[in-house]
Amino acid sequence: MTYRLYNRVGSGGFVAEAALAMADAPYELEELDSKPGTPLPESFRATNPWRQVPTLVLPDGSTLTETAAILIHIAACFPDKGLAPPPGTPEHAAFLRWMVFTNVNIYEAVLRRSYPSRYTTDPDSIESTQEAAIARMGDALTVLENAINPGPFLLGETMSVADIYVAMLFVWFRGTIDAPRLTALTEGVRQHSVVGPIWRRHFGDR
């Protein structure tokens with residue numbers, strides 16, 4: 001039973017690839033020949049009507065989209081791998097909280113910065129749309145910075161897929177905030193024995 005992950009180098013699909021690797025799940029990687037920040041081929045609409053990666057085809061042939069949903073699903077399918085706390089626990093409630101918060105407030109801001117024309121019909125407001133997105137992203141990252149207590153990860157000493165997600169978005173941030181805890185979290189993700197090589201393939205030394 002094999003997963004198929006549609007991805008492209010340097011994209012948000014990095015976290016889905018990292019989660020599958022941490023789960024030791026069998027998967028095939030379909031890397032699309034396009035650069036982040038550019039539209040995916042029209043032909044990809046048949047696989048994902050929204051033409052976004054990551055897109056994960058499950059072993060039963062059904063398709064799962066949306067990064068947070070993919071990560072939560074993989075963690076649930078491989079509970080013995082420790083990708084997330086056990087369901088029903090306070091720790092799992094915190095995991096869900098920060099996964100959704102990150103998806104709604106930070107990833108969305110990345111999209112507004114990268115694809116501002118999707119969010120305004122006024123060509124003269126493109127720059128201000130991007131500036132607002134960067135500011136919003138900084139505000140949301142500051143919330144996460146303050147939530148990392150005692151750390152080094154969001155939920156304490158154990159790294160979850162939420163940390164991988166946050167680390168990726170943190171290095172995409174183009175503003176400036178004081179975030180020593182997020183910096184330490186990101187370094188922990190970079191140095192992880194399984195995730196580190198995947199990180200370097202996607203993002204180099206960032």
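Mentor: Start with the classes: Ala, Val, Leu, Ile, Met, Phe, Trp, Tyr, Cys and Pro count as nonpolar, Asp, Glu, Lys and Arg as charged, and the others, Gly among them, as polar. The model is predicted.

Trainee: What is the volume of the second largest pocket, and which residues are closest to its centre?

Mentor: The second largest pocket holds about 170 Å³ of space. Its lining has 13 residues, and those closest to the centre are Ala75, Ala76, Ala84, Pro85 and Pro87. Ala and Pro both count as nonpolar, so these five names fall in that class.

Trainee: How do the lining residues of the second largest pocket divide by class?

Mentor: The count is 11 nonpolar, two polar and no charged residues. No charged residues means that Asp, Glu, Lys and Arg are absent from this lining.

Trainee: Which element gives the most to that lining?

Mentor: α2 does, with three residues.

Trainee: What makes a residue part of the lining of the largest pocket?

Mentor: A lining residue has an atom within 4 Å of a point of the pocket. The largest pocket has a volume of about 900 Å³. The residues that line the largest pocket number 36, and Arg8, Tyr107, Leu111, Tyr115 and Arg118 are the closest to its centre.

Trainee: Which helices supply at least two residues each to the lining of the largest pocket?

Mentor: α3 (90-114) and α5 (161-172) do. The largest share, seven residues, comes from α3.

Trainee: How many residues of that lining are charged?

Mentor: Nine are charged, beside 15 nonpolar and 12 polar. Arg counts as charged, so Arg8 and Arg118 belong to the charged class.

Note on methods: Residues numbered from 1 in each chain as written. Predicted model: local features only at pLDDT ≥ 70, side-chain atom pairs only at ≥ 80, totals over all residues. Heavy atoms only, no water. 1 Å grid on protein atoms, 1.4 Å probe; cavity = no way out; pocket = protein on both sides within 12 Å on 5 of 7 lines; lining within 4 Å. Points joined across faces, edges and corners; volume = space filled by probe spheres on them. Helix = DSSP H or I, 4+ residues; strand = E, 2+ residues; numbered from the N terminus.
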